[in-house]
Amino acid sequence: MGSNDYLNNYLMPNYNTKNKYNPQEYASLLTQQYNQQLIRLYNLGARKFVIGGVGLMGCIPSILAQSQNGACSEEVNQLVLPFHNNVRSMLTSLNSNLPGFRFSYIDIRNMFKDLLANSRQYGFSEVNLGCCGVGRNRGQITCLPFQTPCSNREQYIFWDAFHPTEAVNILFGRKAFSGGPDVVYPMNIQ
């Protein structure tokens, strides 16, 4: 939750959002809306939640394609950090204030840091290209209908300009299920 709010709104040059809110204000606005939605679900009877955080958005092919040097955008990674921190605080507050509310927060940011730093150990050889896409890093235009994707997708971290591959989702799912508090907080799904 949250990545599309940044990619398809805050970071879009034709939207006024960036001029209207600084990064902290925008993160607070998103977290407030998120909080209201979780309370609505709670009021409908939901008690156990698995919440996925925002990843290292500055390292996805669509952002890498805009880079002059091909490096991750620390500016984008820092931009989403207040939302990351707000969501963790929000969940801790909901856990304290709503009887029976339980959550597991999947720290996608930390999972991606580890994956990018240790990509070869996880079996990935392509860390900055989409398996299917057009342009620099195969991230300027996302996968088009009838476009042939790469043949070795299990070696790619990214499927397209924005999304991880099935192999990454399986890896992250396993970590969320049985991982430690560095990747899933306060308890894993298991």
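## A tour of the chain and its three disulfides

Residues 24 or more positions apart make up 63% of the contacts in the chain with a separation of 6 or more, where a contact means heavy atoms within 4.5 Å. Keep that in mind as you click around.

Before you start, know that this is a predicted model, in which local features need pLDDT of at least 70, side-chain atom pairs count only at pLDDT 80 or more, and totals for chains, interfaces and linings use all residues. Residues are numbered from 1 along each chain as its sequence is written, and side-chain values use heavy atoms, with hydrogens and water left out.

**Stop 1: the whole chain**

Show the chain as a cartoon. You should find seven helices and seven strands; these are DSSP runs numbered from the N terminus, helices being H or I with at least four residues and strands being E with at least two. Trace the chain from the N terminus and the order is α-α-α-β-α-α-β-α-β-β-β-β-α-β.

Now switch to the C-alpha trace and turn it around: along its principal axes it spans about 50 × 40 × 30 Å. The radius of gyration is 17 Å, which agrees with the value near 16 Å for a compact globule of 190 residues. That radius is taken over C-alpha atoms, and the globule rule is 2.2 Å times the number of residues to the power 0.38.

**Stop 2: the surface**

Turn on the surface. The chain exposes about 10400 Å², and carbon and sulfur atoms supply 52% of that; the areas come from the Shrake-Rupley method with a 1.4 Å probe, and for residues only the protein chains shown count as cover. Of the 190 residues, 40% count as buried. Buried means under 20% relative accessible area, exposed means over 50%, and partly exposed is in between (1.4 Å probe, protein chains only).

**Stop 3: C59 and C72**

Next, select the cysteines. A search of the whole structure finds three disulfides, a disulfide being a pair of cysteine sulfur atoms within 2.5 Å. Counting bonded cysteines along the chain, the pattern is 1-2, 3-6, 4-5.

Zoom in on C59 and C72, whose sulfur atoms are 2.2 Å apart. The link is right-handed, with 125° about the S-S bond. C59 lies in the loop between β1 (48-52) and α4 (61-64), and C72 in the loop between α4 and α5 (74-97), so the pair ties together parts that are 13 residues apart in sequence. C59 counts as buried at 4% relative accessibility, whereas C72 counts as partly exposed at 34%.

**Stop 4: C131 and C150**

Select C131 and C150, a disulfide with sulfur atoms 1.9 Å apart. With -105° about the S-S bond, this link is left-handed. It links distant parts of the chain, 19 residues apart: C131 is in the loop between β3 (126-130) and β4 (133-134), and C150 is in the loop between β5 (141-142) and β6 (156-158). C131 is buried at 3% relative accessibility, and C150 is buried at 10%.

**Stop 5: C132 and C143**

Last pair: select C132 and C143, joined by a disulfide with S to S 1.9 Å. The link of C132 and C143 is right-handed, with 55° about the S-S bond. C132 is in the loop between β3 and β4 and C143 in the loop between β5 and β6, 11 residues apart.

Which of these cysteines is buried, and which is partly exposed? C132 is buried, with a relative accessible area of 0%, while C143 is partly exposed, with 24%.
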